[in-house]
Amino acid sequence: MQAGRATPDVIIVGGGAAGLMAALTAGRRGLDVLVLEHGPEVGRKILISGGGRCNFTNTDMRAECFYSANRHFVKSALSRYRPEHFIQMMARHQIPWHEKKLGQLFCDHSARDIVHMLLAECRAAGVRIMTDVRVGAVTRSDVFNVQTSAGVFVARALVLATGGLSIPKLGASGFSYDVARQFGLPVITPEPALVPLVFGQADEAWVKTLAGLSVPARVSCGKVAFEESVLFTHRGLSGPALLQISSSWRAGLAVMLDLLPGQDLAEHLGRLKKSGSKARGAGALARWLPQRLAQSLAELYAPQRVLAEWADRDIRAMAAQVHHMALHPTGTEGFAKAEVTRGGVDTRALSSRTMEARDVPGLYVVGEAADVTGWLGGYNFHWAWASGFAAGESI
Ligand code: FDA
């Protein structure tokens with residue numbers, strides 16, 4: 001494996017979800033596989049994911065749930081590695097799981113079960129894993145030469161599986177991007193995604209007054225919309241719907257909130273007015289909205305009269321605020337808080353069947369290092385499994 005010794009078939013840089021899946025898949029096929037991980041242990045993002053229970057896949061697995069410059073890229077790998085394949089592997093290891101909501105599957109006990117399973121599968125397949133290894137320069141003759149703190153390793157195939165830039169304190173690095181660029185593969189600028197958004201003074205002042213409140217909402221940006229809860233924080237907005245929309249948000253775009261999705265506030269208020277209601281703004285709104293939100297909206301937008309005396313245009317104006325509130329993010333909370341990275345090695349330079357670089361035989365890119373970003377809800381791990389499997393099957 002080291003220079004001068006038997007050459008492994010494949011070196012995988014990065015012992016995360018995608019790297020381990022590629023390793024065990026190639027190992028099962030009888031290939032000699034070496035995983036190089038610079039952290040003290042493998043699978044650290046798996047361990048912290050899903051609140052420690054790892055949302056490992058989603059039963060509603062569709063290409064539409066992923067972003068990539070090549071929209072069709074994920075189809076081939078997803079069609080060959082389905083959620084049931086991962087579930088079957090978990091069943092073999094007797095790992096119990098449950099569905100939480102929206103098809104999201106979590107471990108019953110601990111995300112560590114998944115890491116143990118992947119490690120057991122790697123062991124059974126004869127995969128060698130080295131941790132605490134610093135990986136340096138990569139060169140290519142008819143094989144790949146990889147310089148590391150543990151010596152030079154040589155292999156006929158190299159898999160880039162170092163993930164994205166999210167959570168630097170867990171060892172995220174741009175290694176895969178650098179090596180991809182070195183071999184002429186384009187890299188789409190990596191940006192934080194599934195990340196809380198922050199706002200300028202005007203919006204922030206209002207958002208802050210509601211810190212801690214979580215409400216069901218429909219959040220949209222351009223043509224993309226998600227309906228789930230939104231969490232107001234001291235810094236801005238978070239919660240599932242907001243994290244989802246952050247993957248589509250670009251600087252300069254507004255984020256629209258419908259704080260009463262699926263209902264018609266103008267109709268509700270109109271009926272209340274007709275009944276001669278003596279309620280004032282907050283009292284009226286609190287019939288449909290949480291008290292704190294009702295209070296805050298009333299202070300900003302309600303006339304100082306009982307509802308029976310509101311003009312129709314007052315009702316329309318309040319309904320417009322509730323259903324079409326425009327907020328203007330100034331940025332995100334960055335890679336330190338982002339669950340994933342959007343952008344990465346351009347999928348148009350990769351084979352969608354094998355994850356191999358079209359113009360660099362033997363070089364593969366899997367998982368989050370590639371420009372594939374899934375929705376919140378188990379999609380990003382599933383991409384790691386499916387792309388790792390695709391590469392492992394074809395090396
Ligand atoms: P991943 O980041 O898992 O692995 C990369 C590996 O490469 C790491 O072990 C890293 O140390 C190593 N590495 C990096 N640079 C290196 C270098 N230069 N040399 C050697 N090794 C190097 N997704 C989901 O579907 N369900 C969920 O519940 C969650 N939850 C979640 C919570 C939090 C807090 C975060 C940050 C992320 C999630 N995710 C998630 C996203 C998910 O964790 C992510 O998409 C996958 O881990 C990506 O798998 P990869 O193997 O591509 O990268």
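UniProt positions are given in the numbering used here, feature names are shortened, and annotations may be inferred rather than shown by experiment.

**Setup**

I'm working on a predicted model, where local features need pLDDT of at least 70, side-chain atom pairs count only at pLDDT 80 or more, and totals for chains, interfaces and linings use all residues. Residues are numbered from 1 along each chain as its sequence is written, and side-chain values use heavy atoms, with hydrogens and water left out.

**Whole chain**

I started with the overall picture. The C-alpha trace spans about 90 × 40 × 35 Å along its principal axes. I find 13 helices and 22 strands in the chain; these are DSSP runs numbered from the N terminus, helices being H or I of at least four residues and strands E of at least two. Of 395 residues, 55% count as buried (buried is under 20% relative accessible area, exposed over 50%, partly exposed in between, with a 1.4 Å probe and protein chains only). I also looked at contacts (heavy atoms within 4.5 Å) between residues at least 6 apart in sequence: 71% of them join residues at least 24 apart.

**Annotated spans**

An unreviewed UniProt entry gives "domain: RsdA/BaiN/AoA(So)-like Rossmann fold-like" for residues 9–393. I get 32% helix and 25% strand over that span, with its end C-alpha atoms 13 Å apart. The record, again unreviewed, puts "domain: RsdA/BaiN/AoA(So)-like insert" at residues 191–340. Here I read 36% helix and 25% strand, and the end C-alpha atoms lie 9 Å apart.

I then checked Glu191, where the insert annotation starts. Glu191 is in strand S12, residues 187–193. With a relative accessible area of 33%, Glu191 is partly exposed. Leaving out residues up to four places away in sequence, Glu191 touches Phe335, Val340, Thr341 and Arg342. One of these, Val340, sits at the position where the insert annotation ends. I also took the C-alpha separation from Glu191 to Val372, which is 12 Å for 181 residues along the chain.

**H9 against H12**

How do helices H9 and H12 pack? H9 (265–274) and H12 (312–323) meet at an angle of about 145 degrees, with axes 8 Å apart. Axes are lines fitted to C-alpha atoms, for helices over the stretch in contact, and angles run from 0 to 180 degrees between N-to-C directions. The crossing is right-handed, that is, the near helix is turned clockwise from the far one by less than a right angle, anticlockwise being left-handed. H9 brings Leu265, Ala266, Leu269, Gly270 and Lys273 to the contact, and H12 brings Asp312, Ile315, Met318, Ala319, Val322 and His323. I sorted these residues into 7 nonpolar, 2 polar and 2 charged (Ala, Val, Leu, Ile, Met, Phe, Trp, Tyr, Cys and Pro are nonpolar, Asp, Glu, Lys and Arg charged, and the others, Gly among them, polar). The spacing on each helix reminded me of a rule: an α-helix has 3.6 residues a turn, so residues three or four places apart point the same way.

Pro261 is in the loop between strand S17 (255–258) and H9. At 17% relative accessibility, Pro261 counts as buried. Beyond its neighbours within four places, Pro261 is in contact with Pro216, Ala217, Arg218 and Glu227. Its C-alpha is 9.2 Å from that of Val322, 61 residues along the chain.

**H13**

Is H13 largely enclosed or open? Of its 16 residues, 14 are buried, so H13 is largely enclosed by the rest of the structure. H13 covers residues 379–394 and reaches 23 Å from first C-alpha to last, close to the 22 Å expected at 1.5 Å a residue (the expected span is 1.5 Å times one less than the number of residues).

I picked out Gly392 in H13. Gly392 is buried at 0% relative accessibility, and its contacts beyond four places in sequence are Ala22, Thr25, Ala26 and Arg29.

**Positive phi**

Most residues other than glycine have a negative phi. I noted two that go the other way. Leu102 has phi near 50 degrees, in the loop between strands S5 (97–99) and S6 (104–107). Met355 has phi of about 70 degrees, in the loop between strands S20 (340–345) and S21 (363–365). Which of them is exposed, and which buried? Leu102 is exposed at 52% relative accessible area, whereas Met355 is buried at 0%.
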